[in-house]
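Reader: I have a structure to look at and would like to work through it with some questions. Please keep the answers short.

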Number of protein chains: 4
Amino acid sequence: MAGNTFGKMLSLTTFGESHGIAVGGVLDGFPSNILIDFHFIQSEVNRRKTGSNIFSSSRKEEDEIEYLSGIFGGRSTGAPISFIIHNHDQKPEDYNEYKDVFRPSHADYTYEKKYGNHDYRGGGRASARETLPRVVGGAFAKLLLREHGISVRGFVSQIGDCRMPDDFIIPGSFNSTDTITGCPDPETQSKIIHLLEELKASGDTTGGVVTCNIIGTPAGIGEPVFDKLQSDLAKAMLSINAVKGFEYGSGFAGASMKGSQHNDPFIMKDGKVTTATNYSGGIQGGISNGEEIYFRVAFKPVATLMKDQETLTTSGERTVIKGKGRHDVCVVPRAIPIVEAMAALVFADHLLRYQGFSL
Amino acid sequence: MAGNTFGKMLSLTTFGESHGIAVGGVLDGFPSNILIDFHFIQSEVNRRKTGSNIFSSSRKEEDEIEYLSGIFGGRSTGAPISFIIHNHDQKPEDYNEYKDVFRPSHADYTYEKKYGNHDYRGGGRASARETLPRVVGGAFAKLLLREHGISVRGFVSQIGDCRMPDDFIIPGSFNSTDTITGCPDPETQSKIIHLLEELKASGDTTGGVVTCNIIGTPAGIGEPVFDKLQSDLAKAMLSINAVKGFEYGSGFAGASMKGSQHNDPFIMKDGKVTTATNYSGGIQGGISNGEEIYFRVAFKPVATLMKDQETLTTSGERTVIKGKGRHDVCVVPRAIPIVEAMAALVFADHLLRYQGFSL
Amino acid sequence: MAGNTFGKMLSLTTFGESHGIAVGGVLDGFPSNILIDFHFIQSEVNRRKTGSNIFSSSRKEEDEIEYLSGIFGGRSTGAPISFIIHNHDQKPEDYNEYKDVFRPSHADYTYEKKYGNHDYRGGGRASARETLPRVVGGAFAKLLLREHGISVRGFVSQIGDCRMPDDFIIPGSFNSTDTITGCPDPETQSKIIHLLEELKASGDTTGGVVTCNIIGTPAGIGEPVFDKLQSDLAKAMLSINAVKGFEYGSGFAGASMKGSQHNDPFIMKDGKVTTATNYSGGIQGGISNGEEIYFRVAFKPVATLMKDQETLTTSGERTVIKGKGRHDVCVVPRAIPIVEAMAALVFADHLLRYQGFSL
Amino acid sequence: MAGNTFGKMLSLTTFGESHGIAVGGVLDGFPSNILIDFHFIQSEVNRRKTGSNIFSSSRKEEDEIEYLSGIFGGRSTGAPISFIIHNHDQKPEDYNEYKDVFRPSHADYTYEKKYGNHDYRGGGRASARETLPRVVGGAFAKLLLREHGISVRGFVSQIGDCRMPDDFIIPGSFNSTDTITGCPDPETQSKIIHLLEELKASGDTTGGVVTCNIIGTPAGIGEPVFDKLQSDLAKAMLSINAVKGFEYGSGFAGASMKGSQHNDPFIMKDGKVTTATNYSGGIQGGISNGEEIYFRVAFKPVATLMKDQETLTTSGERTVIKGKGRHDVCVVPRAIPIVEAMAALVFADHLLRYQGFSL
């Protein structure tokens, strides 16, 4: 009820503050006897690591996962899988000056109103570090999906005003690459690098968009009314820090299309029912139709700037906060594994729900 | 688990198919002793009524709400409030020709894959009629919010490519009007009417966008991690038929802004903490900050056309379906009360969750 | 959260007051394409009917089930199954004198404290009529269990101080019979009839015990920690009006046994693992072991007497309530189908949860 | 859904196996700014400690609680409180001989059927060590209840056939003592000590009963239908290892009482509504009435004996297991803090649910 658990059949509960002892999670409902690829899970965590590239903050964490339960002899037992990641590189004193200040567009003020306290040490629970256990949980979900031939892949399709052309109209025509952004369009990728260098120099930040695909899905997954597949994906994505919007299939662009353009005609292909186009984004009536699922997630610019900003103290006095600390110019590339993790958790949950139903 | 219930403290369970006996709902967790404004609830239902304007289908339903429980002496008792609305104007024979056909961009195919059956009589559970009990549940939620000085108001901000200029950048500067669309910009409103007439003539359909505001909210409402206020709003909106996207505050446009532009400075105004701008959309860290909450919801064009379309039969043969039946050129104006209802349910639920927490 | 929904994969939401329009329920998560035996469901409802024998109250209800959704062509569709049963034989005026009185050992006082109101018309939601939708929901669960060769059968093993000897020590040795009580021991049955006649004459009431078996269960059903099979059975049983206790397997008697007596040795029988004794009651570690599940449920005496009783008015004045109205000498025989229904709902829910897990 | 989480507003998720790295828990929904009495929490854990008295197994654990999150400056922050307790004294090699054996009346067989594996190292998740995080979570709940003047106290009222006379008929007349059993009757206490010494000598084990009181409760707490206070208490108790039965108020004895005896007349006392007797056990219609809540919990004898027992191997061969290892003659005294912990979690959860409702 306090919202630290996600999922129904497969549920992830997370805990931990940015500058506390550790962050961690409990993954419940994970099927038994699945071989755990520890190397893969650690590599997923490394993808979101602070300091993974030049545009990110310089906070360095080992982020080594310690598994506490639910795995025996290299396989899941069916018991809850719990894990923690210690916070090693804590410098709470960096944040002392924020103790009595509401930082603009951070959660200091709202936490104060809700809880009667706020964790000034790097945002506490509102820190991006909260997403680390999501990536671990999502990596387990990916292992489960992999057993069913399903994969989840994201890439940056926009940073600031550098946007890939028509990135979502023809799904499947683009794939993520091994570059920092995964952006499949080399021209956009170059523009992005240039923009980020510019912003770094000026102490400013920017937002962007992650596009994500779920590939290899069977038809029939999802619930038809309140727990539509897209509903749970939207909830998952909007629960990620800094996310401002979600669209799937034709998305906002679909609003200006005509029905005769937008409808996806059913056709037979290789003896299988498929659709000629995929404006539906692989989901119809809340249930997967077997086509590629794709969606886009918008991120706002990072709120912590290297510039001075006017704001209020907790007692309502005007003050100026100086730009310093350890922060990113743009979180979007680092958000790719988080988007993927949440998408994997949603789809794995619905896959298990489907199995439950079809007694 | 099968996804026909929405909300935690205040939960709405809906049931009923388009061409069955009735649709209805059970609202559980509604506080006791609230005076029930039956006239208001019926008027909300009338707002989404089929046939409420010339651009909608001609199916006529009385849509009279029958209350079965939870109300005594005109007040809520604290027991579950249940209600049904009979389906009077059923013409299942209109749908006989769809019995063995997968209509393009409908849920026939996915229901068939999930359930081993699909309700060809107007879509069954996938019909827009499923949203009727949501409007009733939402009307109760509005009564509760009203007691706390909170209101929810939506309007059409885009139909097809007719879009209000900058509609969400300066929230509060526009208000819904009493026109069909509620669109506050007369010029956009005229263009919309013109577009819809054109589409009606050609048998085609279009989509659009509903903008919605929640006004008068206290600060401190929402949960900080997976059940962020925006997460639950996004889930609620994407669970509405035909919705393809959700954004709040700066939304997708925020992705191309700089942090120095996007941050909302805290200022004192009339002795109260407020923000100078509101790109945050009234929510920070998943929790309301007391500013106006606003968001936009994208709808795809109606899938049922008055034009012939190629598709497949359930046995995989090619066929053509004729355009006929009773359908809308554009659902967006009728979707306003549905968007509002879901927003009211989300906010009322979180309001009750907040009260629970603050023992 | 307000506790009107039971079950996770298969969930029953009930609504309705004793003297309102109707009682009813919504059964969500019921698998699709199950043939619905309407005659069986109605017959289950008839078993709990008021007036079904001479020891029960004389209120007569048709209790005809009206199905509103979720069934098409005689089979479940996978959509929520909703149903209502109208309250025909309402005489709220019978209860006028209780308007301002707290009846002893009824829920008037506690409802007043919780809700700021209480439904004096026959107890409202606290009435035994609330269990009617449970019986309908349970009948659906039985249909599902039947498809897997599982059955649920209860019988009266005690009324007042007339108790079957050793009824639960050798499960399987007794079966319910077609008598009013289902009690397999003719001697106990005779004593019970005699006792009830005596009590009827004196205007007094008594309690009793229902023993219930779940037969034909596979091993491996149940969750190991908080949602143990026996935990969910206990919750289900204690949620029935007038229930004061639950025990399974050896139960309270097991507390005075020695481990060397109580342990159930594993043996092979007909090529299958089984246990030589069954003090475990068919459940070990919260999970079914394939043996017969059996448990006992204690009911207190009916609180409404035909005798005068001293009590308080809602304003704290002393008063006397007269014994009249329509009530039972003993509810226990009528409770058998309710106990069975709740047991069937629990087991069907866990069966579906098991299927979900074993992807 | 996999049943490792308990509670709705205040939820405890537990994890960890007997012989894994650690056991632990996540307590979500705990109100902010509550002063945490760490000494008290550790002392609760020590109460259930293995080796706390001569009748228990000799396994020694430090059982020191490590807090990972949710507490800052000695107070709860509102974020999830997570904690772990390392398993130091692991001797998994003690269990090697059980690797391929189904121990009688343990969960080896059922886990094998459910998960396709079983953790032979001391039972894994089915071990009594799983209850340790419950005691920690319960201690937090007690801190919350203490702020509202509510306390929870259990004592042994029966071991084997040594049973306190009339222990539950006159609640309040007995209190737990500081002896090993807490049993308020010195005579029963002496008999119990004698019985346990006898059993220890013979390598046998026994069961017993814990009686528990919740004192100082306000009226109006609990939900009226499926989540009755007694339902959630029953579920909580039956989820504890080795529990076979639950009764509250008059319990099973109530089944043989007459209504005229059993009804609790309302009277005024010191200007307050109270009841002259308390056969209701402080709960009417699922909701607390302000009287003392009391219930009894039956435990079966410990399944691990110091005697040889016949059983089957996992491949169905007959075998004999030798009695050795580290185990208790009787778990019941050590179960007192576990019973109290679960009762505290249930009541705290309902207290928060009540607050939520009464907007």
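**The interface and the cysteines**

Author: In this predicted model, about 8000 Å² is buried between chain A and chain B, and carbon and sulfur atoms give 62% of that area.

Reader: How many residues of chain A are in contact with chain B?

Author: Contact here means heavy atoms within 4.5 Å. On the side of chain B, 102 residues take part. The number for chain A is 102.

Reader: Which classes of residue make up the side of chain A that touches chain B, and how many salt bridges are there between the two chains?

Author: The count of salt bridges between chain A and chain B is 6. By class, the side of chain A that touches chain B has 42 nonpolar, 37 polar and 23 charged residues.

Reader: Which residue of chain A meets B:Asp232 in a salt bridge?

Author: A salt bridge needs a side-chain nitrogen of Lys or Arg within 4 Å of a carboxyl oxygen of Asp or Glu. The N to O distance in this pair is 2.4 Å. The partner of B:Asp232 is A:Lys235.

Reader: What turn lays chain A on chain B?

Author: The superposition has an RMSD of 0.0 Å, with a shift of 0.0 Å along the axis, and the turn is 180°. The two copies are thus related as by a two-fold rotation axis. Of the interface residues of chain A, 100% are also interface residues in chain B, so the copies meet through the same surface. The turn asked for is 180°.

Reader: How many disulfides are there over all chains?

Author: A disulfide needs two cysteine sulfur atoms within 2.5 Å. A search of the whole structure finds 0. For B:Cys162, which is in no disulfide, the nearest cysteine sulfur is that of B:Cys183, 9.7 Å away. The total over all chains is 0.

Reader: Why is C:Cys162 not bonded to C:Cys183?

Author: The sulfur of C:Cys183 is the closest cysteine sulfur to that of C:Cys162, but it is too far for a bond. The distance between them is 9.7 Å.

Reader: Is C:Cys162 buried or exposed?

Author: Buried means under 20% relative accessible area. C:Cys162 has 10%, and B:Cys162 is also buried, with 9%. C:Cys162 is therefore buried.

Key: Residues are numbered from 1 along each chain as its sequence is written. Chains are lettered from A and ligands numbered from 1 in the order in which they are written. This is a predicted model: local features need pLDDT of at least 70, side-chain atom pairs count only at pLDDT 80 or more; totals for chains, interfaces and linings use all residues. Side-chain values use heavy atoms; hydrogens and water are left out. Buried means under 20% relative accessible area, exposed over 50%, partly exposed in between (1.4 Å probe, protein chains only). Buried area is the accessible area (1.4 Å probe) that two parts lose on being put together, summed over both. Ala, Val, Leu, Ile, Met, Phe, Trp, Tyr, Cys and Pro count as nonpolar, Asp, Glu, Lys and Arg as charged, and the others, Gly among them, as polar. Copies are superposed by least squares on the C-alpha atoms of residues with pLDDT of at least 70 in both.
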